[in-house]
Amino acid sequence: MKTSLLISTYNWPDALELILLSVLQQNVLPDEVVIADDGSGRETAALLEKYEKQFPVPLQHVWHEDRGFRASEIRNKAIARCSGEYIIQIDGDTVLHSSFVQDHKNLAEQNCFISGSRVLVGKEATGRAIQGKSIKFSPFSKNIINRMNAVHLPFFNRFSAPKRTPVEKLIWKIRGCNMSFWRKDLLEVNGYDADFVGWGREDSELVFRLLKKGCYLKRIKMAAIQYHLDHKENSRSQLSANHLLMERSMSEGGYVARNGIVKA
């Protein structure tokens, strides 16, 4: 199957460069890389222009004007530009294990989407990685947290069946920084709801609608490993408003976003 790797980013080109370097080291490359850029400045554009010339697969830069945190909207625009039938989604602060793309592809199932975990990289290790442009992380690396998430045993997931219920226990544990979907499923639910602005709940709300549509969720461990670089937390000022949007979605009968990908 043809795969698109979708990378969300905003004004952190140093981290984005580490991600691109980790993409180049993949055992199995995606068929394209699509950057969902939530309004970064010229430095990010220059970085992508540089890598576009040397990348072995197409590298697309999807950008919109900076009007605050609008991850849902820019992801919709990027999804619309993806040509792959399967989309692997990450954030712009996550360095990838060399088998990351391969694991997502191997564990993909029809009528199913995947949610993976992450290894937290401490401040000192993040600084060293950026300064040395190093993507060499392992379970034995210094200054990493929850290092068991860095153990690579993908066959472990063969014993874990996809689940659809109970919805309420699943959606709060979702991390949009490590997910994969069939593009047709995203289109059928109309992608992300762009009414979500600011940080919080946009990923969980999408998952809830996918589950209502009839898709199954597969949560994976010891595979599709990524290393989350340390950075200042995003503002939580919109979390309460986004939580109300989430509750609205959970109380409604449909699964199609009101303000979704068709407007991207």
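I count Lys and Arg as positive and Asp and Glu as negative, leaving out His and the chain ends. On that basis I found 37 positive and 30 negative side chains in the protein chain, with the centres of the two sets lying 5 Å apart. I keep in mind throughout that this is a predicted model.

Secondary structure and overall form. I looked up the elements of the protein chain and noted nine helices together with eleven strands. The radius of gyration is 17 Å, close to the 18 Å that the globule rule gives for 264 residues, so I put the chain down as being as compact as a globular protein of that length. I then took the extent of the C-alpha trace along its principal axes, which is about 50 × 45 × 35 Å.

Burial, contacts and surface. I checked all 264 residues and found that 52% of them count as buried. When I restricted the contacts to residues at least 6 apart in sequence, 85% of these joined residues at least 24 apart. For the accessible surface I obtained about 12000 Å², and carbon and sulfur atoms account for 51% of that area.

One sheet. I traced an open sheet of four strands, running in the order β5-β11-β7-β8 with mixed pairing. Its edges are β5 (94-96) and β8 (144-145), and each has a single partner strand, so one side of each is left without a neighbour in the sheet. I then followed β7 (residues 119-121) against β11 (residues 226-228), and these two strands pair in the parallel sense over two bridges. For Val119 I noted Tyr227 as the bridge partner in β11.

Note on methods: Residues are numbered from 1 along each chain as its sequence is written. This is a predicted model: local features need pLDDT of at least 70, side-chain atom pairs count only at pLDDT 80 or more; totals for chains, interfaces and linings use all residues. Side-chain values use heavy atoms; hydrogens and water are left out. The radius of gyration is taken over C-alpha atoms; the globule rule is 2.2 Å times the number of residues to the power 0.38. Buried means under 20% relative accessible area, exposed over 50%, partly exposed in between (1.4 Å probe, protein chains only). Contact means heavy atoms within 4.5 Å. Accessible areas come from the Shrake-Rupley method with a 1.4 Å probe; for residues, only the protein chains shown count as cover. The place of a charge is taken as NZ of Lys, CZ of Arg, CG of Asp or CD of Glu. Two strands pair if DSSP finds at least two bridges between them.
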